[in-house]
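Me: I am new to this structure and would like to go through it step by step. Please show it first.

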Amino acid sequence: ALADDDIFGAPLRPFQRATRRSNNPYMAILLTWVLVQAIISVGELNVVAPFATGFFLLSYSATNLACLALELASAPNFRPTFQYYTWVTSLLGVLSTFAMMFVVNQVYAAIAVAVMILLFVFIHFYSGNQSWGDIS
C-alpha cells in the first residue's frame with residue numbers, strides 16, 4: 001500500500017510490481033518473507049517481543065491521539081459510539097500507552113519513538129503533494 005500510494009517515492013517503486021492475474025504485489029511479499037525470516041533467525045522470541053510491543057503500543061497511542069485531536073477540533077464527522085467516551089479517555093489512552101511502552105523496555109521504546117519521528121519527518125518533507133480527500 002505504501003508503494004502503491006507512492007508515499008516514499010523511488011525507494012519503494014520496485015515493490016509496486018504485481019502479478020497480472022490477481023494483482024498481488026509479489027516483490028512486497030518477498031520483502032515481507034525476508035524480514036520475517038530475519039526475525040525468526042534471531043531464535044529468541046523474548047528478544048523480539050519488547051520491540052514489537054513498543055511499536056504496537058505506539059500505534060495505539062497514535063490512534064488515541066487522533067481521536068483526541070478530532071474531539072478537540074470538534075470535527076463534525078467524528079461521532080464515537082463508546083458510551084463513556086470523552087476527550088479525557090483519549091488523553092488517558094495516549095498517556096497510558098506511551099507510559100507502558102517505557103515500562104516494557106526503555107531502550108526499545110526510545111527506538112520506536114525515534115523511528116516514528118523519522119518517518120513523520122521523511123513523509124512530511126519528501127512525499128509529493130497528494131490529494132487524500134476531505135474529512136468533512
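What follows is a set of questions and answers on the whole chain, on two helix pairs and on a few residues.

Me: Before we begin, what kind of model is this, and how are residues numbered?
Reply: This is a predicted model, in which local features need pLDDT of at least 70 and side-chain atom pairs count only at pLDDT 80 or more, while totals for chains, interfaces and linings use all residues. Side-chain values use heavy atoms, with hydrogens and water left out, and residues are numbered from 1 along each chain as its sequence is written.

Me: How many helices and strands are there, and what pattern do they follow along the sequence?
Reply: Helices (H or I, at least four residues) and strands (E, at least two) are DSSP runs, numbered from the N terminus. By that reckoning the protein has 4 helices and 0 strands. Read along the sequence, the pattern is therefore α-α-α-α.

Me: What is the radius of gyration of the protein, and what does the globule rule give?
Reply: The radius is taken over C-alpha atoms, and the globule rule is 2.2 Å times the number of residues to the power 0.38. For 136 residues that rule gives 14 Å, and the protein is well over this value, so it is more spread out than a compact globule. The C-alpha trace spans about 45 × 40 × 30 Å along its principal axes, and the radius of gyration is 18 Å.

Me: How is helix α2 oriented relative to helix α3?
Reply: Axes are lines fitted to C-alpha atoms, for helices over the stretch in contact, and angles run from 0 to 180 degrees between N-to-C directions. Helix α2 (residues 45-72) and helix α3 (residues 87-104) pack with their axes 8 Å apart, at an angle of about 160 degrees. Angles under 35 degrees count as roughly parallel, over 145 as roughly antiparallel, 65 to 115 as roughly perpendicular and the rest as oblique. This makes α2, relative to α3, roughly antiparallel.

Me: Which term describes α2 relative to helix α4, and which residues of α4 make the contact?
Reply: The axes of α2 and α4 (residues 106-126) cross at roughly 45 degrees and come within 9 Å, which makes α2 oblique to α4. Contact means heavy atoms within 4.5 Å. From α2, the contact is made by V47, P50, F51, G54, F55 and L58, and from α4 by Y108, I111, A112, V113, V115 and M116.

Me: Which residues does F55 touch, leaving out those up to four places away in sequence?
Reply: F55 is found in helix α2. The C-alpha atoms of F55 and A112 are separated by 6.0 Å, although the two are 57 residues apart along the chain. Not counting residues up to four places away in sequence, F55 touches A112 and V115.

Me: Is S61 buried or exposed?
Reply: Buried means under 20% relative accessible area, exposed over 50%, and partly exposed in between (1.4 Å probe, protein chains only). S61 lies in helix α2 and, leaving aside its neighbours within four places in sequence, is in contact with V94, T97 and F98. Because its relative accessibility is 7%, S61 counts as buried.

Me: What is the phi of S74?
Reply: Most residues other than glycine have a negative phi. S74 is found in the loop between α2 and α3, where, at 57% relative accessibility, S74 counts as exposed. Its phi is positive in a residue other than glycine, with a value near 55 degrees.
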